[in-house]
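Walk through this model with the sequence at hand. We begin with confidence, then turn to the core, the surface and the cysteines.

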Amino acid sequence: MGVISGVLDALNSVCLWRIGVRDLLAGTRELLLCLERLRAETARRVAEIEARGATTTRHGVRTSEWLHATNWSTLGDARRQVRAAVELAARPVVQAEALAGRVGFDQATAIVHSIRRLPCELDLPTVDACEQAMLAHVHEFDPDLMKQFGHHVVTVVAPEVGEEADRLALLREEARARGDRSLTWARDGLGSVRFRGQLPIVDAEPLVTMITAVTASLPVTDELGELIPIHRRQADALK
């Protein structure tokens, strides 16, 4: 690893003002590529450290705590770094592309994240096909666009599977919404009752529509000409 430090020392000693614009741009572009490869290599090593439990054995701390001890990142960032490294290691094809510099590190993590979010019903060949489809667009999509593409990559790779997956995802979403429905209230002892709750959209929309319609018909100012806040007018709509 001393070789890398030596190269950086040599680069640090270069007087940038002596470099022509063309060489400055080309050199910076090469550095950016090297930086992406270094990030991928660092992640590969972090994943190996995590897999071995090396920091626990040697220092009695988790990998994320060991990274945090450098004071170069928060504990939350260190945990995310470990998680991203482990997830990338689980997709060796994407990892290899990142290590070779053919995929940016953030692009690689976007691909891996998208793969993790694929419907659990998909078989391995379809998952691998989705991975290849995303890798084929690395020269067109930045990390944000790659995430967007990942949301519907199944539909591109296997339309019939994607439609069924979307249907099942919608059913799961509706089931979660129904399971999360609630309505509670409590008297505050000061003459008021506090309400708290949530409803699935399909159940809530008629209520929201009714309150919105009634609110629109109510005065926007009181007897003194003062503006009545919208949240109070919506409460008045329930009278």
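Confidence varies along this predicted model. Its low point is helix 11, residues 159-179, with a mean pLDDT of 70. Its high point is helix 6, residues 92-99, at 97. Across the protein the mean pLDDT is 88. Of its residues, 95% reach 70 or more.

Now go inside. The largest nonpolar core has 30 residues. Those with the most contacts inside this core are L88, V94, I111, L118, M134, M146 and V153. Several helices build it: helix 2, helix 5 (75-89), helix 6, helix 7, helix 8, helix 9 (143-151) and helix 10 (153-157) each give at least two residues. Helix 7 supplies the largest share, six residues. Helix 6, where confidence is highest, is thus also among the contributors to the core.

Turn next to the surface. A nonpolar patch lies there, formed by V3, I4, V7, L8, L11, L31 and L38. Together these residues have about 600 Å² of accessible area. Two elements give two or more residues to the patch: helix 1 (2-12) and helix 2 (21-52). Helix 1 provides the largest share, with five residues. Helix 2 therefore appears in two places, as it supplies at least two residues to the core and two or more to the patch.

Take one patch member, L31. This leucine is found in helix 2. How accessible is L31, and how does it count? Its relative accessibility is 44%, so L31 counts as partly exposed. The reason is the range: partly exposed lies between buried, under 20%, and exposed, over 50%.

The cysteines come last. How many disulfides does the structure hold? The number is zero. C15 has a relative accessible area of 35%, so it is partly exposed. C34 is partly exposed as well, with a relative accessible area of 36%. C120 is found in the loop between helix 7 (105-116) and helix 8 (124-135). Is C120 buried or exposed? C120 counts as exposed, because its relative accessibility is 70% and the cut-off for exposed is over 50%. The two helices that flank this loop each supply at least two residues of the core.

One distance places C120 further. Q95 is 25 residues apart from C120 along the chain. The C-alpha atoms of C120 and Q95 are separated by 22 Å.

Methods: Residues are numbered from 1 along each chain as its sequence is written. This is a predicted model: local features need pLDDT of at least 70, side-chain atom pairs count only at pLDDT 80 or more; totals for chains, interfaces and linings use all residues. Side-chain values use heavy atoms; hydrogens and water are left out. Helices (H or I, at least four residues) and strands (E, at least two) are DSSP runs, numbered from the N terminus. Buried means under 20% relative accessible area, exposed over 50%, partly exposed in between (1.4 Å probe, protein chains only). A disulfide is a pair of cysteine sulfur atoms within 2.5 Å. Patches are made of residues with over 30% relative accessible area and no salt bridge: like charges are joined within 9 Å, nonpolar side chains (Val, Leu, Ile, Met, Phe, Trp, Tyr) within 5 Å. Accessible areas come from the Shrake-Rupley method with a 1.4 Å probe; for residues, only the protein chains shown count as cover. A salt bridge is a side-chain nitrogen of Lys or Arg within 4 Å of a carboxyl oxygen of Asp or Glu. pLDDT is the predictor's confidence in each residue, from 0 to 100. A nonpolar core is a set of buried Ala, Val, Leu, Ile, Met, Phe, Trp, Tyr and Cys residues joined through side-chain atoms within 4.5 Å.
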